[in-house]
Amino acid sequence: TREERGRCELRWCDMWQFPLRHADAVMIFGVQPLMPRIAHKLQSECVPGTFVLSYRFLVPLQPNVASSTPEVIHATRKDDEDHAEQRLHADLVYDREEMRIYQIRDDSQQD
């Protein structure tokens, strides 16, 4: 609707220079070697509940230790597997063809 469009703001910018802390959703089209760095920026700046839309390339995910179901973990390179700071604490909520949507979760209250 017109009201919803009026509340939306689309930014085409250098994401490394732009703070993401107030974003409700972030759309990225990165390249595979940059995905761990992108995951770190998203994890550092976005609040729980933020949606991350990623076209084509997988975002490396931190496993959800509170979940009783197996977690899909996207790894980019063997070297990145032990770097938790380069993994996004998020749930994969949509995965069709080359489009994925993640929702950042709040892991601060987990034991």
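Visitor: Which residues does L88 touch, not counting residues up to four places away in sequence?

Guide: In this predicted model, L88 touches A39, L42, Q43, V52, V59, P60, L61, Q62 and I104. L88 is also among the residues with the most contacts inside the largest nonpolar core, alongside V26, I28, L42, V52 and V59. That core has 18 residues.

Visitor: What makes a set of residues a nonpolar core?

Guide: The residues must be buried and of kinds such as Val, Leu and Ile, and they must be joined through side-chain atoms within 4.5 Å. In soluble globular proteins, nonpolar side chains tend to be buried together.

Visitor: Which elements give two or more residues to this core?

Guide: They are β1 (25-28), α2 (35-45) and β4 (99-104). Helix α2 gives the most, with four residues.

Visitor: Let us turn to charged pairs. Why is the contact between K41 and E45 called a salt bridge?

Guide: The rule asks for a side-chain nitrogen of Lys or Arg within 4 Å of a carboxyl oxygen of Asp or Glu. The closest N and O atoms of K41 and E45 are 2.7 Å apart, so the pair qualifies. Both residues lie in helix α2, four residues apart, about one turn of the helix.

Visitor: Why is K41 called buried?

Guide: Buried means under 20% relative accessible area, and K41 is at 7%, so K41 counts as buried. Its partner E45 has 25%, which makes E45 partly exposed.

Visitor: How many salt bridges are there?

Guide: The count comes to six. Another of them joins E9 and R11, whose closest N and O atoms are 2.5 Å apart. E9 is exposed at 58% relative accessibility, because exposed means over 50%. R11, with 49%, is partly exposed.

Visitor: Where in the chain do R105 and D91 lie?

Guide: These two form a salt bridge, with their closest N and O atoms 3.2 Å apart. The pair links distant parts of the chain: R105 is in the segment after β4 and D91 is in strand β3, 14 residues apart. R105 counts as buried at 9% relative accessibility, while D91 is partly exposed at 27%. Together with D107, they are linked in a network of salt bridges.

Visitor: How do you know that β3 and β4 are paired strands?

Guide: Pairing needs at least two bridges, and β3 and β4 have six, so they count as paired. Their sense is antiparallel. In this pairing, D95 stands opposite R100 in β4.

Visitor: What is notable about the phi of E97?

Guide: E97 has a positive phi of about 50° although it is not a glycine. Most residues other than glycine have a negative phi. E97 belongs to the hairpin of β3 and β4, which has two residues between the strands. With a relative accessible area of 79%, E97 is exposed.

Visitor: Where is R56 found, and what is its phi?

Guide: R56 is in the loop between β2 (51-55) and β3 (90-96). Its phi is near 80°, again a positive value in a residue other than glycine. R56 is called partly exposed because its 45% relative accessibility falls between 20% and 50%.

Visitor: How many disulfides are there?

Guide: The count is zero. A disulfide would need a pair of cysteine sulfur atoms within 2.5 Å. As for individual cysteines, C8 is exposed at 60% relative accessibility, and C13 is partly exposed at 42%.

Definitions and conventions:
Residues are numbered from 1 along each chain as its sequence is written. This is a predicted model: local features need pLDDT of at least 70, side-chain atom pairs count only at pLDDT 80 or more; totals for chains, interfaces and linings use all residues. Side-chain values use heavy atoms; hydrogens and water are left out. Buried means under 20% relative accessible area, exposed over 50%, partly exposed in between (1.4 Å probe, protein chains only). Contact means heavy atoms within 4.5 Å.
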